[in-house]
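Work through these exercises with the model open beside you. Try each task before you read its solution.

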Amino acid sequence: MPGSAEDPTGHPAAQERGAEAIERTFRRESGRALATVAGVVGSLDVAEDAVQEAFVEAVRTWSQRGVPDNPGAWITTTARNRALDRLRREARRGPKEEEASRDAGRGPGARGHGDGDGDGDEAVGPVRDDQLRLIFTCCHPALTPAAQVALTLRLVCGLQTPEIARAFLQPEATVAQRLVRAKAKIRTARIPLRVPPDHLLPERVPYVLACIYLVFTEGYAASAGDALVRGELCDEAIRPARLTHQLMPDEPEVEALLALLLLQDGRRAARVDAAGDLVPLEDQDRSRWDRDRIAEGVEHVLAAARRSRGPRGRGPYLAQAAIATAHSTAPTWAATNWAAVVAAYDELSAMSPSPVVAVNRAVALAFRDGPVAGLEALDVVAADPRLARRHMVPATRADLLRRLGRRSEAADAYRHALTLVTTGPERRYLLRRLAEVTTG
């Protein structure tokens with residue numbers, strides 16, 4: 001307990017726990033806090049500054065007073081108070097501040113630790129659709145598609161600029177500039193913080209879905225760091241996916257994305273072992289899969305497939321959901337329907353060609369037709385500059401060469417992949433594979 005004889009206030013152990021709690025809370029709650037405060041004060045700039053100030057205050061107080069019972073509510077309450085203080089100063093208790101104060105008073109509350117000054121305020125709980133409202137704001141047609149996705153990942157989901165850059169396969173400076181311009185556009189164009197009316201939903205939905213998908217991807221296969229899986233990001237993606245499906249229940253791609261996330265998330269627990277190391281799909285303990293979540297995903301896949309028979313046809317999320325269904329419903333790795341997987345990748349490549357899709361198709365082809373066929377398909381995409389800074393191609397090549405018994409070539413490819421890998425679990429996996437082909 002903080003302040004006890006075993007753990008006195010200010011003890012390094014307490015400070016370390018406070019720092020860890022702040023990092024966890026930032027990952028899980030910064031987007032929710034920003035969305036809630038922005039909804040209260042009507043300004044992204046004010047809300048973003050206030051959330052940053054709240055985390056600075058957390059750094060100062062949590063290591064001394066202990067982590068609050070509801071850290072997310074503490075951050076949201078503190079940020080709201082900071083934002084309203086700023087409005088009071090700027091508006092000098094004018095109509096703008098009074099209206100913001102009334103709006104704040106209407107928000108649902110949950111008892112927490114009060115604001116950063118310990119005054120015991122009622123803590124703010126995020127309104128259920130605050131994040132979805134902010135996602136739709138970021139996906140306004142006045143912004144470029146790339147800016148829409150980048151801004152959503154930054155503001156709603158708390159991803160940092162390097163993480164977004166890796167998701168886009170682009171330099172950090174490019175993404176940083178894009179974010180600055182997008183926020184300025186929202187401010188100067190006075191884009192409202194709201195979910196648009198029904199007749200405007202279709203033009204924004206593709207970008208909303210793209211944002212949700214990229215957030216889940218970063219959670220399911222982190223692009224950097226010591227943890228391969230970031231469960232809070234997986235959860236933060238599934239929540240708005242469900243909300244979007246409730247908002248547009250007849251849209252096949254909305255339902256297909258929800259299905260895809262559920263199917264992949266159903267395998268999340270088996271992706272790493274007790275030490276946090278990567279476990280390839282081939283070697284996963286399928287008894288650890290969440291069969292209820294997978295069954296729910298399959299239901300949504302079937303529903304999306306029925307709805308896609310109309311004039312709009314099938315979309316890329318349905319193709320990906322078909323791939324996930326083949327993997328998630330196979331009783332064993334050997335029983336995987338690789339013909340169906342390759343067919344779905346062919347369909348996906350025609351709709352949404354990308355080097356990542358091409359690499360994954362090469363893997364599927366290797367298991368359908370043999371490793372040589374996979375290597376030939378991999379050679380077609382290997383020189384794509386968007387993959388130059390990623391370990392995907394050399395790691396895939398190494399695995400296929402290993403399966404062919406070409407150990408020396410596989411070792412060289414593993415060494416190349418190790419110069420590019422950015423997560424601890426994947427690095428350790430590649431080192432184990434390298435040891436296998438060099439020591440026998």
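**Exercise 1. The largest cavity**

Task: Find which helix gives the largest share of the lining of the largest cavity.

Solution.
Step 1. The helix is α1, which supplies four residues, the largest share of this lining.
Step 2. Keep in mind that this is a predicted model.
Step 3. List the lining: Phe26, Ser30, Gly31, Leu34, Glu48, Val51, Gln52, Arg154, Leu155 and Gly158.
Step 4. Look for elements that give two or more residues; these are α1 (12-41), α2 (44-65) and α6 (145-155).
Step 5. Now add the volume, which is about 80 Å³ for the largest cavity.
Step 6. Across the whole structure, the search finds three cavities of 30 Å³ or more.

**Exercise 2. Cysteines and disulfides**

Task: State how many disulfides the structure has, and explain why Cys138 is not bonded to Cys139.

Solution.
Step 1. Recall that a disulfide is a covalent bond between the sulfur atoms of two cysteines.
Step 2. Take the cut-off: the two sulfur atoms must be within 2.5 Å.
Step 3. Start from Cys138, whose closest cysteine sulfur is in Cys139, at 6.6 Å. That is too far, so no bond forms between them.
Step 4. Searching the whole structure gives zero disulfides.
Step 5. Check the surroundings too. Cys138 has 0% relative accessibility, so this residue counts as buried. Cys234 is also buried, at 0%.

**Exercise 3. The nonpolar cores**

Task: Say how many residues the largest nonpolar core has, and which have the most contacts inside it.

Solution.
Step 1. Recall the general trend: in soluble globular proteins, nonpolar side chains tend to be buried together.
Step 2. The largest core here has 109 residues. Val41, Ile75, Leu151, Ile164 and Leu261 have the most contacts inside it.
Step 3. Helix α9 (residues 201-220) contributes the largest share of this core, 11 residues.
Step 4. Zoom in on Ile164. Beyond its neighbours within four places in sequence, Ile164 is in contact with Ala150, Leu153, Arg154, Leu159, Val175 and Leu179.
Step 5. Another core lies apart from the largest one. This other core has 21 residues, including Ala366, Leu375, Ala395 and Ala410.

**Exercise 4. Two buried helix residues**

Task: Decide whether Thr244 is buried or exposed, then do the same for Ala319.

Solution.
Step 1. Use the cut-off: buried means under 20% relative accessible area.
Step 2. Thr244 sits in helix α10 (residues 231-247). Its relative accessibility is 0%, so Thr244 counts as buried.
Step 3. Setting aside neighbours within four places in sequence, Thr244 is in contact with Leu132, Val208, Leu209, Ile212 and Val254.
Step 4. Ala319 belongs to helix α13 (residues 316-329). Ala319 is at 0% as well, so this residue is buried.
Step 5. Not counting residues up to four places away, Ala319 touches Arg314, Ala344, Glu347, Leu348 and Met351.
Step 6. Compare sequence and space. Ala319 and Leu260 are 59 residues apart along the chain, with 9.3 Å between their C-alpha atoms.

**Exercise 5. Checking helix spans**

Task: Compare the spans of α15 and α17 with the expected values.

Solution.
Step 1. Multiply 1.5 Å by one less than the number of residues.
Step 2. For α15, with 15 residues, this gives 21 Å. Its end C-alpha atoms are 20 Å apart, which agrees.
Step 3. For α17 (residues 392-403), with 12 residues, the expected span is 16 Å. This helix reaches 17 Å, close to that value.
Step 4. Look at cover. Nine of the 12 residues of α17 are buried. They pack against α15 (355-369), α16 (371-381), α18 (407-418) and α19 (424-439).
Step 5. The buried residues of α15 pack against α14 (338-351), α16 and α17. Among them are Pro355, Val357 and Val359.

**Exercise 6. Positive phi angles**

Task: Which residue has a positive phi although it is not a glycine?

Solution.
Step 1. Begin with the glycines. Gly370, just after α15, has a positive phi of about 115 degrees. Gly405 follows α17 and has a positive phi near 80 degrees.
Step 2. The non-glycine is Arg190, with a positive phi of about 55 degrees.
Step 3. Arg190 lies in the loop between α8 (172-188) and α9.
Step 4. Its relative accessibility is 72%, so Arg190 counts as exposed.

Methods: Residues numbered from 1 in each chain as written. Predicted model: local features only at pLDDT ≥ 70, side-chain atom pairs only at ≥ 80, totals over all residues. Heavy atoms only, no water. Buried < 20%, exposed > 50% of the residue type's maximum accessible area, 1.4 Å probe, protein only. Core = buried A, V, L, I, M, F, W, Y, C linked by side-chain atoms within 4.5 Å. Contact = heavy atoms within 4.5 Å. 1 Å grid on protein atoms, 1.4 Å probe; cavity = no way out; pocket = protein on both sides within 12 Å on 5 of 7 lines; lining within 4 Å. Points joined across faces, edges and corners; volume = space filled by probe spheres on them.
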